[in-house]
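Here's a walk through one protein chain, written for someone who likes to click around while reading. Keep the viewer open and follow along.

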Amino acid sequence: MTARAGEPFDLPKAVSEVRALATVSVPPTGPTVDEGEPDTGEWTRTRGEGFVVVPLWESGPYTGTYAPEWNDSEASAQRQLRAVTEELDRIWGRHQQVGMRVPLFRKLAGEPMPPLFQALTDADCYGDLTVWGPLPTEAADGPRWVAVSLNQSDGDAPMIMAGVVSDRPITELED
């Protein structure tokens, strides 16, 4: 699914990659484009109007995995997300939670939504966003909002931790 498949979770690396997101250039306008590894097509990045989304980590697939092993693996992934969140809270201060319930229902109903949320739902990234911002950054083109989320598209698919950077506020969509 992503170019991160098979990589073990590495907390310092994940935190470093999220911090680096705060300084990347984001397209001010234009279409949303998914990018992948040239040889495999595995997802490496999605760029769109005012944002970039990247995979930070991918678990193994869950095909043929049942409780309690599945539950243990899910709990481990949640602990990894919590560890990233705690480290970034120390660096940037307290985060905010932005739910993905409304984008999920808008996607199911075929209703329009902002490009960032459309890109997240198109990538099956339905996990609530843990958001920091606006951040004091060295980005030449303005402030940044950064988010992380943990996602799983279905019970057999791997869990994917994603990182997001936006040059616009990442806020909860209204019903």
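What follows covers the sheet, then the helices, the nonpolar cores and an aromatic pair.

This is a predicted model, in which local features need pLDDT of at least 70 and side-chain atom pairs count only at pLDDT 80 or more, while totals for chains, interfaces and linings use all residues. Residues are numbered from 1 along each chain as its sequence is written, and side-chain values use heavy atoms, with hydrogens and water left out.

**The sheet**

Let's start with the strands. Helices (H or I, at least four residues) and strands (E, at least two) are DSSP runs, numbered from the N terminus. Two strands pair if DSSP finds at least two bridges between them. By that rule, seven strands make an open, antiparallel sheet, and reading across it you get β1-β2-β3-β7-β6-β5-β4. At the edges sit β1 (33–36) and β4 (96–98), each pairing on one side only. On average, neighbouring strands are turned by 25° against each other, direction ignored; axes here are lines fitted to C-alpha atoms, for helices over the stretch in contact, with angles running from 0 to 180 degrees between N-to-C directions.

Here are three of the strand pairings, side by side.

| Strands | Sense | Bridges |
|---|---|---|
| β1 and β2 | antiparallel | four |
| β3 and β7 | antiparallel | seven |
| β6 and β7 | antiparallel | seven |

β1 and β2 (residues 43–48) form a hairpin with six residues between them, and Gly41 in the turn has a positive phi of about 80°. Within this hairpin, Asp34 has Thr46 as its bridge partner, and Gly36 is matched with Trp43.

Now for β7. Buried means under 20% relative accessible area, exposed over 50%, and partly exposed in between (1.4 Å probe, protein chains only). Seven of the seven residues of β7 are buried, so the strand is largely enclosed by the rest of the structure. Ile160, Ala162, Val164 and Ser166 point one way, while Met161, Gly163 and Val165 point the other. Ser166 stands opposite Phe51, and Met161 is the bridge partner of Leu150.

**Two helices that meet**

Which residues of α3 (residues 101–109) are buried? They are Val102, Pro103 and Arg106. These residues cover an arc of only 95° around the axis (taken from the directions from the helix axis to the C-beta atoms), which puts them on the same side of α3. Their cover includes α4. Just past the helix comes Gly110, with a positive phi near 70°.

Helix α4 (residues 115–122) lies across β2, β3, β4, β5 and β7, and runs at about 30° to β3. Its buried residues are Leu116, Phe117, Ala119, Leu120 and Thr121. Those residues pack against β2, β3, β4, α3, β5 and β7. After α4 comes Asp124, whose phi is also positive, near 60°.

**The nonpolar cores**

A nonpolar core is a set of buried Ala, Val, Leu, Ile, Met, Phe, Trp, Tyr and Cys residues joined through side-chain atoms within 4.5 Å. The largest one has 24 residues, and the members touching the most others are Val148, Leu150, Met159 and Met161. Two or more residues come from each of α1, β3, α2 (69–92), β5 (129–135), β6 (144–151) and β7 (160–166). α2 gives the largest share, five residues. A second, separate core holds 21 residues, including Trp43, Val53, Met113 and Ala147.

Met161 is a good one to zoom in on. Contact means heavy atoms within 4.5 Å. Leaving aside neighbours within four places in sequence, Met161 is in contact with Phe9, Val54, Pro55, Leu56, Trp57, Gln80, Leu81, Val84, Ser149 and Leu150.

**An aromatic pair**

Two of those contacts bring us to the rings. Rings of Phe, Tyr and Trp (its six-membered ring) pair if their centres lie within 6.5 Å; planes under 30 degrees apart count as stacked, over 60 as edge-to-face and the rest as tilted. The count comes to two aromatic pairs. In one of them, the rings of Phe9 and Trp57 have centres 6.1 Å apart and planes at 85°, so the pair is edge-to-face. Phe9 lies in the segment before α1 (11–21) and Trp57 in β3 (residues 51–58), so the pair ties together parts 48 residues apart in sequence. How accessible are the two partners? Phe9 is partly exposed, at 22% relative accessibility, whereas Trp57 is buried at 9%.
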